Every structure is written in C-alpha cells, then in structure tokens.
Amino acid sequence: MIAGLDYWRELPIKQQPEWSDPEAVAAASAEIAGLPPLVFAGEIDILRDRLARAARGESFLLQGGDCAETFAGATAEQIRNRVKTILQMAVVLTYGASMPIVKMGRMAGQFAKPRSSDFETRGDVTLPAYRGDIVNGYDFTPESRQADPKRLVQGYHTAASTLNLIRAFTQGGFADLRQVHSWNKGFAQNPANQRYEGLAKEIDRAVRFMEAAGADFDELKRVEFYTSHEGLLMDYERPMTRIDSRNGTPVNTSAHFLWVGERTRDLDGAHIDYFSRIRNPIGIKLGPTTDVATMERLIDKLDPEREPGRLTFITRMGAGRIRDALPPLLEAIRKMEATPLWVTDPMHGNGITTPTGYKTRRFDDVVDEVRGFFEAHRAAGTHPGGIHVELTGDDVTECLGGSEMIDEATLATKYESLCDPRLNHMQSLELAFLVAEELSAR
C-alpha cells in the first residue's frame with residue numbers, strides 16, 4: 001500500500017518549488033508525518049455521502065474561501081468573517097433551494113498556488129515566483145522569495161489553528177440558524193439590495209414559524225463544515241496521508257476534500273496518480289478546452305468503481321464559453337454510467353487586467369457563468385450540484401460591479417489579495433441570492 005502511495009515519485013510532476021536544501025525538505029516532511037491528522041477518516045466518509053446526495057440532485061455544495069490563505073491572515077476576525085459569509089450564503093441557498101446545503105471552506109490549507117511562470121520580473125530584477133506562504137514570501141526580495149522548508153511545518157500549524165477556530169464557530173452556537181438569519185437582514189435592508197428584501201422576509205417568516213411550532217433549535221445551532229484546498233504541494237500532502245486503522249485504506253488528513261487544478265491534472269502525471277490512491281472525495285478542474293475523451297479517462301483513473309461522492313468536476317470555462325463547452329460533456333456523461341458531482345467555478349475563467357495593472361473580475365461575468373451553468377444542466381437533464389467561489393468576509397474592492405458598483409477607480413481603495421481577486425462580503429451574498437433564484441426555478 002505504502003509503495004503504491006509513493007509511485008507518483010517516479011512520474012513527471014509540475015508546479016513544485018525549487019528547494020535548495022533537499023535534506024531540510026525531507027526533515028520537514030518527516031516532522032509533519034509525525035503530527036496528528038487535521039481531519040478524520042470518519043468525517044471524510046460522511047462528506048462522501050453528502051456529495052453523493054448532491055450528485056443525485058438532493059442537496060447542493062457551497063464551497064468558498066480565500067484565493068490563497070496567508071499565515072498573517074489566519075486571525076480570529078478574518079476566519080470568523082469568512083465562515084460567517086459562507087453560513088449567510090448557505091441560509092439563503094437552503095431557503096431558495098428547499099434542500100440541504102453542504103458547506104465547505106477553501107480554508108485551513110489553501111496556502112500553495114500554481115503559477116503560470118516560475119519567475120517574476122520587475123524592472124531589471126528577476127526572482128522566483130511567489131508560490132504561496134507555505135513555500136515562500138510575497139515580498140519581492142531574494143531572501144523572501146527563497147523556498148523555505150520551515151514554511152511546510154508552519155503551514156500545518158496554521159491550518160490546525162484555523163481548523164480549531166472553525167470547529168468552535170460551527171459547533172458552539174455561532175452558526176445558530178436564527179443568528180445567521182439576523183446577519184442577513186442587514187444585507188437585505190441595504191437600498192441597493194431591495195430586490196432581495198422579499199426573500200429575506202420569507203425566510204424571517206419561516207424561522208418564526210419554526211420557533212412557534214417548537215422546532216428543535218438545539219439541532220440548528222450546529223452545522224457540518226468541511227475544509228478543502230488544492231492538493232498541489234506533494235512535500236505537504238504525502239506526509240499528511242495516513243492509513244485508516246478501520247479498513248487499511250490511505251486517507252489524506254490535511255483536508256476533507258482536495259482538488260486538482262488544470263495545470264496539474266495530467267493523466268500520466270504525479271498528482272493524478274497520487275490522488276487515484278487515496279480515499280478522500282476528489283475535485284478536478286475542467287476548463288473550456290476539456291474534451292469528452294479526457295473526461296472519460298479522468299473518470300476511469302480516479303473513479304474506476306463509479307462510487308457516488310468520489311469525483312467532483314469543477315467547471316471553470318468563462319462566461320463567454322460555458323454555453324458551448326459544457327453541454328457536450330454533460331451529454332456524454334449520461335452514457336458513461338458515472339455520477340460525478342458537477343460544480344461551477346465562475347471565478348477562474350473570467351479574469352481580466354485593468355489598464356492600471358489590477359487583476360480583477362467583473363461581477364456580471366461571474367453571474368453570467370453561473371446562469372450558463374444552470375442553463376446547460378437544465379437542457380441536458382443533469383444536476384447542477386454546487387458552486388465554488390473565491391471570497392472573503394471582508395469589504396475588499398477586488399472585483400468590479402455588484403450592488404456597490406465597484407469601478408476601476410475604486411479597486412485601489414482596498415485591494416488586498418496576493419493572488420486572484422475575491423468577491424467581497426456584499427458581492428458574495430448577492431451571488432447567493434442569484435443562485436437561490438436559479439435553484440428555486442428548478
């Protein structure tokens with residue numbers, strides 16, 4: 001079993017840092033291998049069941065969080081605001097869809113980022129690219145950009161403290177439905193969001209009815225909340241892999257759910273081989289050029305037994321291309337006896353750069369891709385099973401548009417992301433109401 005788990009080492013691998021001291025990397029990985037798991041096999045089994053239900057159209061996945069978590073950003077306030085935003089969105093979706101919402105954060109491990117180039121040049125200085133806090137620093141100096149193995153261990157401890165706080169918030173009354181609903185009222189009362197006031201009033205009436213009818217609010221004080229990140233950095237993911245004592249199967253205990261990005265999902269590459277061998281539910285990003293043959297080979301490699309809840313396809317096609325690129329895949333899947341969960345990532349296919357050099361996205365493009373996703377599934381008779389968004393609970397100004405009408409001049413006022421632009425708190429809630437409309441239209 002262990003030998004198979006390490007077969008990826010024989011294969012081509014992409015997007016790994018250039019470590020200057022291999023012995024220090026091996027020591028860091030060995031230290032991580034001796035630390036406790038961050039998540040548990042039993043939780044992963046429950047999530048697989050939840051995702052299987054979503055794939056059947058009986059629930060819906062909401063996955064959101066930072067583009068790239070930073071060690072400095074792992075503060076109680078920022079973690080709370082992110083969890084709060086996801087919970088608020090989930091209340092809107094639960095009511096709009098009249099179905100359970102699976103809540104998942106891009107949190108407690110989203111520290112590594114793939115890059116389009118190994119190097120970054122500013123003026124006449126060229127340095128290694130920033131690959132996320134678990135590898136190197138963002139500051140543009142030779143010392144900061146040096147890949148540092150000690151950051152692997154720091155990544156583990158930062159993930160552990162983040163997860164500790166998430167568990168406290170979601171189990172300790174912070175996630176009580178009544179409280180989360182009261183947070184949403186402030187959003188609906190914003191003059192720019194009057195179209196949502198009706199839905200907010202309906203939710204309010206439903207909550208009051210449940211209270212009057214004696215609903216068990218003790219049960220509604222806690223929520224299941226799962227963690228996820230891109231499984232990119234093998235010097236971290238491999239030592240976090242443990243053997244489940246119950247059945248002898250390998251489980252990656254760094255997160256409940258891991259996904260493989262477009263840059264690393266080579267069918268014969270190291271990442272796909274490793275992820276084919278672990279028990280976690282796995283996500284695969286599919287861009288607009290994905291063809292049916294590639295999709296089928298990914299299913300055969302990652303989900304040979306066709307187990308519901310095992311495989312999630314996360315489509316990131318761009319608003320202008322999803323209506324052409326997604327339907328052929330959905331048509332083909334119906335003939336394959338496979339039941340992947342289909343999730344839309346309306347962020348990554350819609351990036352633009354402003355004349356002033358800011359990477360941004362138009363909120364209208366994000367919304368349009370979501371609508372295209374639902375349209376394609378309606379036409380194919382398949383289930384639109386979830387949404388995957390980069391968001392923050394803070395009032396940043398990184399994406400254009402939305403009810404606050406963020407324009408190019410406003411971007412500079414509070415642009416804080418070190419990688420990709422994220423929806424702010426208001427834009428995230430606005431998107432939740434729009435997705436709720438699509439779900440209720442089913």
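Two strands count as paired if DSSP finds at least two bridges between them. Keep that rule in mind for this tour of a predicted model.

**Stop 1: strands 1 and 2.** Select residues 60-65, which form strand 1, and add strand 2. The two run parallel, and 6 bridges join them. For one pairing, click Leu62: its bridge partner in strand 2 is Lys103. Now trace the chain from strand 1 to strand 2. The path goes through helix 4, residues 76-97. This β-α-β crossover is right-handed.

**Stop 2: strand 2 itself.** Select residues 101-106. How many of the 6 residues are buried? The count is 6 of 6, so strand 2 is mostly covered, where buried means under 20% relative accessible area. In a regular strand, side chains alternate between the two faces of the sheet. Look at each side in turn. Ile101, Lys103 and Gly105 lie on one side, and Val102, Met104 and Arg106 on the other. Both faces are covered.

**Stop 3: strand 5.** Add residues 226-230 to the selection. Strand 5 runs parallel to strand 2, and 2 bridges join them. Click Gly105 and find Thr227, its bridge partner in strand 5.

**Stop 4: Gln110.** Move on to the loop between strand 2 and strand 3 (119-122), where Gln110 is found. Is Gln110 buried or exposed? Its relative accessible area is 0%, so Gln110 is buried. Show its neighbours next. Beyond residues up to four places away in sequence, Gln110 touches Asp66, Cys67, Ala68, Glu69, His229, Glu230 and Trp259. Finish on Cys67: the side chain of Gln110 reaches the backbone oxygen of Cys67 at 3.2 Å.

Conventions: Residues numbered from 1 in each chain as written. Predicted model: local features only at pLDDT ≥ 70, side-chain atom pairs only at ≥ 80, totals over all residues. Heavy atoms only, no water. Buried < 20%, exposed > 50% of the residue type's maximum accessible area, 1.4 Å probe, protein only. Helix = DSSP H or I, 4+ residues; strand = E, 2+ residues; numbered from the N terminus. Right-handed = clockwise from strand over helix to strand, strands pointing away. Polar contact = N/O pair within 3.5 Å; in protein donor to acceptor, adjacent residues only side chain to side chain. Contact = heavy atoms within 4.5 Å.
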